[in-house]
Amino acid sequence: HMASEYEWSAVTQGWILSSFFYGYMLTQVVGGLLAQKYGGKQVLNFAVVWWSMFTYITPFASRQSVSVLLLARFLMGLGEGM
């Protein structure tokens with residue numbers, strides 16, 4: 001729905017979708033190391049709060065600019081990767 005509302009090109013939509021996966025990819029190993037050190041429950045609790053926060057702000061970020069949305073999606077991906 002957002003793509004048609006904001007008239008994003010296919011390239012822009014690709015960047016928006018990819019930004020999440022770039023963040024996700026970066027924290028896969030980091031999440032495992034943090035879970036080893038602090039415990040999986042602590043890391044998961046932090047990650048759930050983190051990605052929930054960025055899920056909540058996604059619609060607001062999209063109204064600001066594509067750049068703000070890309071950042072929000074990237075940061076959401078960081079939390080999901082943990």
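Which residues line the largest pocket? Let's work up to that and a few other puzzles together.

This is a predicted model, in which local features need pLDDT of at least 70, side-chain atom pairs count only at pLDDT 80 or more, and totals for chains, interfaces and linings use all residues. Numbering starts from 1 along each chain as its sequence is written, and side-chain values use heavy atoms, with hydrogens and water left out.

**Exercise 1. Describe the chain as a whole.**

Step 1: Count the elements. The chain has 5 helices and 0 strands; helices (H or I, at least four residues) and strands (E, at least two) are DSSP runs, numbered from the N terminus.

Step 2: Find the box. Along the principal axes, the C-alpha atoms fill roughly 45 × 20 × 15 Å.

Step 3: Look at burial. Of the 82 residues in the chain, 27% are buried. Buried means under 20% relative accessible area, exposed over 50%, and partly exposed in between (1.4 Å probe, protein chains only).

Step 4: Look at contacts, meaning heavy atoms within 4.5 Å. Among contacts with a separation of 6 or more, 72% join residues 24 or more positions apart.

**Exercise 2. Check the span of helix H2, then find its buried residues.**

Step 1: H2 covers residues 10-26, which is 17 residues.

Step 2: The expected span is 1.5 Å times one less than the number of residues. For H2 that gives 24 Å, and the helix reaches 24 Å from its first C-alpha to its last, close to expectation.

Step 3: Its buried residues are Ile16, Ser19, Phe20 and Gly23. Helix H5 (66-81) is included in what covers them.

Step 4: Zoom in on Ile16. Its relative accessible area is 8%, so Ile16 is buried. Leaving aside neighbours within four places in sequence, Ile16 is in contact with Trp8, Leu69, Leu70 and Arg73.

**Exercise 3. Name the lining of the largest pocket and sort it by class.**

Step 1: Know the term. On a 1 Å grid over the protein atoms alone, a pocket is an open set of points where a 1.4 Å probe fits, with protein on both sides within 12 Å along at least five of seven lines; lining residues have an atom within 4 Å of a point.

Step 2: List the residues. They are Met2, Ala3, Trp8, Gln13, Ile16, Leu17, Thr58, Leu69 and Arg73.

Step 3: Assign them to helices. H1 (2-6), H2 and H5 each supply at least two, and H2 gives the most, with 3 residues.

Step 4: Sort them. There are 6 nonpolar, 2 polar and 1 charged residues. Ala, Val, Leu, Ile, Met, Phe, Trp, Tyr, Cys and Pro count as nonpolar, Asp, Glu, Lys and Arg as charged, and the others, Gly among them, as polar.

Step 5: Add the volume, about 150 Å³.

**Exercise 4. Decide whether two loop residues, glutamate 7 and threonine 27, are buried or exposed.**

Step 1: Glutamate 7 is in the loop between H1 and H2. With 70% relative accessibility, glutamate 7 counts as exposed. A detail to spot: its phi is positive, about 55°, although this residue is not a glycine.

Step 2: Threonine 27 sits in the loop between H2 and helix H3 (28-38). With 7% relative accessibility, threonine 27 counts as buried.

Step 3: Find the partners of threonine 27. Its side chain reaches the backbone oxygen of glycine 23 at 3.4 Å. Beyond neighbours within four places in sequence, threonine 27 is in contact with Gly77, Leu78, Gly81 and Met82.

Note on methods. Grid points are joined across faces, edges and corners, and a volume is the space filled by probe spheres set on the points. A polar contact is a pair of N or O atoms within 3.5 Å; within protein, one must be able to donate a hydrogen and the other to accept it, and residues adjacent in sequence count only if both atoms are side-chain atoms.
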